[in-house]
Amino acid sequence: MNLEAFKHIFFRLPIIVRLLLSVITLMVVFGTVIHLIEPRQFPTIFEGIWWAFITGATVGYGDYVPLTTTGRIVAIFLILSGGGMLTFYLTTIATSAINHEEDLSQGKVSFNGTNHIIIIGWNERTRQLVEEIDDKDSTQEIVLIDRSLNKLPYRHYPVHFIHGDPSEDAVLVQANVDAAAAVLISSDITVEERKADINTILSTIAVRGNNQDIPINAEILTISQVENAIRAGADTVISSNDFMSTLFYHELFHKKQTKPFETVLNLLNNQQFIHIEVPDELDEKSFKEAAVFFMENHEILIGLIRESEWKINPSNDFVLENNDTLIILSSWE
């Protein structure tokens with residue numbers, strides 16, 4: 001390998017690696033020189049290298065000491081050069097660690113993990129979602145993409161922050177969308193609803209273009225854009241305005257003994273909805289028989305979907321068909 005090729009490889013290495021190699025090379029050189037100058041005091045090259053590291057680090061155990069004037073001159077040069085280089089190396093490591101954490105907080109560092117959840121948009125809803133995910137499964141890795149947020153303290157939130165426009169491929173590559181498990185796109189409530197929906201649809205198109213199979217959950221604020229979000233590639237469209245309006249209606253007109261908001265929140269916090277095909281043993285069975293079947297497994301059958309029509313809590317004698325999709329309520333455990 002010629003000098004130019006060596007320089008080409010060496011100066012492409014990370015600065016910490018280059019410093020470490022420089023320190024090791026310098027200590028080997030001084031260790032070899034002192035061994036050659038005073039072979040009796042330093043019988044092997046390894047003992048010379050040991051002395052060089054100890055002296056360069058200004059520790060000075062005193063187990064090996066040069067006795068000749070030439071050896072002491074070598075020691076002086078070692079202290080002047082090696083000590084400064086070791087100190088610079090340790091300082092560089094500390095600076096690099098601080099800079100890396102700062103880059104993480106500013107969303108400049110790419111994510112290299114897999115099976116992570118990507119959340120697009122930082123607001124109070126997504127903040128609470130992050131806390132809930134962390135509370136239920138602290139090992140689940142989360143990547144947050146947001147263009148309006150300039151800094152997110154890495155130590156305060158269990159997320160990997162990526163700063164940028166989620167509709168740009170480069171930003172999604174930074175988030176390693178190709179290896180992610182799911183994507184949630186939250187609406188930007190700081191802008192006009194139609195514009196927020198357009199941004200959501202653009203992000204959906206970009207995500208789907210980078211990963212054809214990933215589940216995409218998109219929040220849409222206006223009814224007219226729901227179909228567009230589905231066309232863009234969203235698997236699930238969350239129409240938050242409709243959901244909240246329905247809850248408000250039930251809160252205003254519910255019976256005195258019920259509390260719709262608290263009921264829904266507690267239900268979703270402790271239970272999950274599951275969609276399954278009708279098991280063979282329940283084909284042509286009544287809804288009542290199916291309900292008893294699932295109750296024995298500590299699950300609740302609340303309805304079904306037949307030809308895109310939802311039937312919640314049908315009559316007891318309603319007959320199931322093998323192409324129905326059952327809606328089950330089950331615990332998270």
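Two strands count as paired if DSSP finds at least two bridges between them, and the strands and helices themselves are DSSP runs numbered from the N terminus (E, at least two residues, for strands; H or I, at least four, for helices). With that in hand, strand 4 (residues 182–185) and strand 5 (residues 216–220) run parallel and are joined by 3 bridges. Leu184, for instance, has Asn217 of strand 5 as its bridge partner.

Before going on, some ground rules. This is a predicted model, where local features need pLDDT of at least 70 and side-chain atom pairs count only at pLDDT 80 or more, while totals for chains, interfaces and linings use all residues. Residues are numbered from 1 along each chain as its sequence is written, and side-chain values use heavy atoms, with hydrogens and water left out.

Strands 4 and 5 belong to an open sheet of 6 strands, parallel in pairing and ordered 3-2-1-4-5-6. Strand 3 (160–163) and strand 6 (236–239) each have a single partner strand, so one side of each is left without a neighbour in the sheet. On average, neighbouring strands here are turned by 20° against each other, direction ignored. Helix 5 (residues 124–136) lies across strand 1 (117–120), strand 2, strand 4 and strand 5, at about 160° to strand 1; contact means heavy atoms within 4.5 Å, and angles run from 0 to 180 degrees between N-to-C directions, with axes fitted to C-alpha atoms, for helices over the stretch in contact.

Now for the other sheet. Its 4 strands are antiparallel and open, in the order 7-10-8-9. The edges are strand 7 (271–277) and strand 9 (309–312), each pairing on one side only. Strand 8 (residues 300–306) and strand 9 share 4 bridges in the antiparallel sense, and Ile305 has Trp310 in strand 9 as its bridge partner. Helix 11 (residues 287–295) packs on this sheet, touching strand 7, strand 8 and strand 10 (325–331), and its direction makes about 130° with that of strand 8.

Finally, a look at one residue. Asn269 sits in helix 10 (residues 260–270). Its relative accessible area is 34%, so Asn269 is partly exposed (buried is under 20%, exposed over 50%, partly exposed in between, with a 1.4 Å probe and protein chains only). Asn269 and Ser331 are 62 residues apart in sequence, yet their C-alpha atoms are 9.4 Å apart in space.
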